[in-house]
Amino acid sequence: MARSPTPQPPSLRQRNVASKQPVSESTFAPEVELDKLSKAAASSRQNIQRGETEHKLALTLVTILGFVTRFWGISHPDEVVFDEVHFGKFASYYLERTYFFDVHPPFAKLLFAFVGWAVGYDGHFHFENIGDSYIANKVPYVAFRALPAFLGALTVSVTYLIMWESGYSVPACLVAAGLILLDNAHIGQTRLILLDATLVLAMACSLLFYIKFYKLRHEAFSRKWWKWLILTGFALSCDISTKYVGLFAFVTIGSAVIIDLWELLDIKRPNGPISLPLFGKHFAARAIGLIILPFLFYLFWFQVHFAVLTRSGPGDDFMSPEFQETLSDNVMLASAVDIQYYDTITIRHKETKAYLHSHPDTYPLRYDDGRISSQGQQVTGYPHNDTNNYWQIIPASNDQKLGRIVRNQELVRLRHIVTDKILLSHDVASPYYPTNQEFTAVSAEEAYGDRQNDTLFEIRIEGGKPNQDFKTVASHFKLIHFPSKVAMWTHTNPLPEWAYRQQEVNGNKQITPSSNVWIAEDIPSLPEDHSRRQKEQRKVKSLPFLRKWFELQRSMFYHNSKLTSSHPYASQPYHWPFLLRGVSFWTQNDTRQQIYFVGNPIGWWLASGLLAVFAGIIGADQVSLRRGIDALDHRTRSRLYNSTGFFWLAWATHYFPFYLMGRQLFLHHYLPAHLASCLVTGSLVEFIFNTDPADEEPSKGKASGPKRHITARERFAGKSMAGAWIACLVILSVAAAGWFFFLPLTYGYPGLTVDEVNRRKWLGYDLHFAK
């Protein structure tokens, strides 16, 4: 009588193979079967070890080449290049501890400052102009540039590790990493004192760390699981602490986490349902690791920022008086003077720096659009100091009492000294804004007669307390027209020649925006040696960290949104995948050398094309499944949707949001998305050229899934990789040719002849020296 086979160990996968005849006791040999299993396990271990060795060799090779391509000729040019004028300057300000303002968070800039401090640089050079000599000014610029070059070289390695950790074969890993290695845009951006090397590496690390975390999903809450979760959060924090576009990485990882949590919630999940309290622990852990801790890391860099920048500097004007009083050497501490009634003051717009100004000329009867004006005296904004900027501040009662301090929320009149007219606003449309009120000036008889209400204005100090003293420099205020409640406002669009191209001043019905803020800059009627100007040395004040942080955040977001002016090398998001435009970084006329920021067209076009191919594959697979045609096995489809789909999601979340932005955009904004597109390219090379994976046994019911990650060598055991290797070599060879062809534009040397320049204007790139 036939007996059932001896049960195999549970760790070994069983295949349900139909047997034509039962195994009899006389033919069953347990020792032989166990020996076969042992040899198979040993062979599997050898395959894994060989695969590990191949990956390590390939990783070492791309890492070495990454450092060579990034550091080669890094000392050229020995002049300030493109945005080094900004980020090099900020490093100098950190080293001088001088307060500055920038729209980007401080993390990457602090790294540059640390490098400068480490090499003993004192920050004496302020990177004022493109083309300024580093050698003549004794600036350790090679050390500064070495930081992004080092990070850029690591980005190549991390790209390879992402593919390796995702279980791809060596050819697929080499394609993805090779496209980053040989990309002229990534090389060019990481050889200069710029922030994008930090941004792209942090983005890549967030993908790598999340993949390592996800692979430990069967070991939830283990030490390794927590480690990679927290490291993912740290990488995300470094990303958004470099530039605010790092938020897109949160969207990428957040989308993957939402999908993961949704699957955990499924009561029919293959590994069995989990309880709601356990699901709550999963949710809380991810919230802590990917939201709370990154936010705390983000706050930490601002704390360092404030701790370093303790001296007054060029960033003072962007901050409130209270904030400025926390900085030593601040002009506000030294020169703020109480303003008294009947003082003559100058009033300056905080944002545009224009003075409130008037002159005898009047508004024209008709504007260009046919609207009628009041033909009153012009009130404008003027950028230069002038006696026509002098205004006497008068109390509403005009009681002629001297020595009384002007206070917050009091009603005043402003008399223009030169023309002896009183400031007025009324219900007449302004020259450029039909919805805003005109500002003009009228005689004293009118001001104290029929128009007395129209000449009254409220002094409203920003953040001020009732009856707070009104001071020069220290009091940022809005001038609110008393009857109509509009705020005095100006903008940079100049008026026509009839107003000498000066700025329009009008009444803004929206009184909350910070663009309505003005500053009383000085009291010209007060002699320099007057006792009111003699001040005791004041102590530097302090503010709570969160108050300073909130104020800085508001200012950063506001000024970032105002970066809308045109730029000759700005581009649109639809230009980027096809590499239609580049950016001129630097030129030298004598040697005909130039640095032109542009990617490797071969690599970019291939990656962009395969993004569309992936979408087509997914669409075709879905249509096939709807028609009952299952063209892909389970494992291949799972990798295509989950792994390649994750890379495609990273590309989409780092690309499409730019279509919603109204600010200036440049090619370098696409670099994180380009890295994701290279990951998609590598994975599709494996999919296309290895479409015949190892057979999978049929399964009854739902399998629990392997607890161990299956390597590429195991998946393709016994299958030829020749197709993938040939594709890899062809792609990298063509990419290397493109890299070499555009190399003079990336490294800035050698200089090119007119013919050589024109041969590189593939898509009409606006290169220099083409004539």
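A salt bridge is taken here as a side-chain nitrogen of Lys or Arg within 4 Å of a carboxyl oxygen of Asp or Glu. In the predicted model, Arg460 and Glu458 form such a pair, with their closest N and O atoms 3.1 Å apart. The partners fall into separate burial classes: Arg460 has a relative accessibility of 29% and therefore counts as partly exposed, whereas Glu458, at 10%, counts as buried.

A second pair consists of Glu462 and Lys478, whose side chains meet in a salt bridge with an N to O distance of 3.6 Å. Glu462 is located in the loop between strand 8 (457–461) and strand 9 (476–481), and Lys478 is in strand 9, so this salt bridge ties together parts that are 16 residues apart in sequence. The relative accessibility of Glu462 is 31%, which places this residue in the partly exposed class. Lys478 has a relative accessible area of 6% and is buried. Elsewhere, Glu165, Lys212 and Lys215 are joined into one network by salt bridges that share partners.

A salt bridge also links the side chains of Arg371 and Asp369, with an N to O distance of 2.7 Å. Arg371 has a relative accessibility of 19%; because the buried class covers values under 20%, Arg371 counts as buried. Over the whole structure, the search finds 25 salt bridges, the pairs Arg371 and Asp369, Arg460 and Glu458, and Glu462 and Lys478 among them.

Helix packing was examined for helix 7 and helix 9. Two packed helices are described by the angle between their axes and the distance between the axes. Helix 7 spans residues 196–214 and helix 9 spans residues 247–264; their axes come within 11 Å and cross at roughly 15°. Angles under 35 degrees count as roughly parallel, and helix 7 and helix 9 are therefore roughly parallel to each other. The crossing of helix 7 past helix 9 is right-handed.

On the helix 7 side, the contact involves Ser206, Leu207, Tyr210 and Tyr214. These residues meet Ala249, Thr252, Ile253, Ala256, Val257, Asp260 and Glu263 of helix 9. Classified by residue type, the contact of helix 7 with helix 9 comprises 7 nonpolar, 2 polar and 2 charged residues.

Note on methods:
Residues numbered from 1 in each chain as written. Predicted model: local features only at pLDDT ≥ 70, side-chain atom pairs only at ≥ 80, totals over all residues. Heavy atoms only, no water. Axes fitted to C-alpha atoms, helices over the stretch in contact; angles between N-to-C directions. Helix = DSSP H or I, 4+ residues; strand = E, 2+ residues; numbered from the N terminus. Parallel < 35°, antiparallel > 145°, perpendicular 65-115°, else oblique. Left-handed = near helix turned anticlockwise from the far one by under 90°. Contact = heavy atoms within 4.5 Å. Nonpolar A, V, L, I, M, F, W, Y, C, P; charged D, E, K, R; others polar. Buried < 20%, exposed > 50% of the residue type's maximum accessible area, 1.4 Å probe, protein only.
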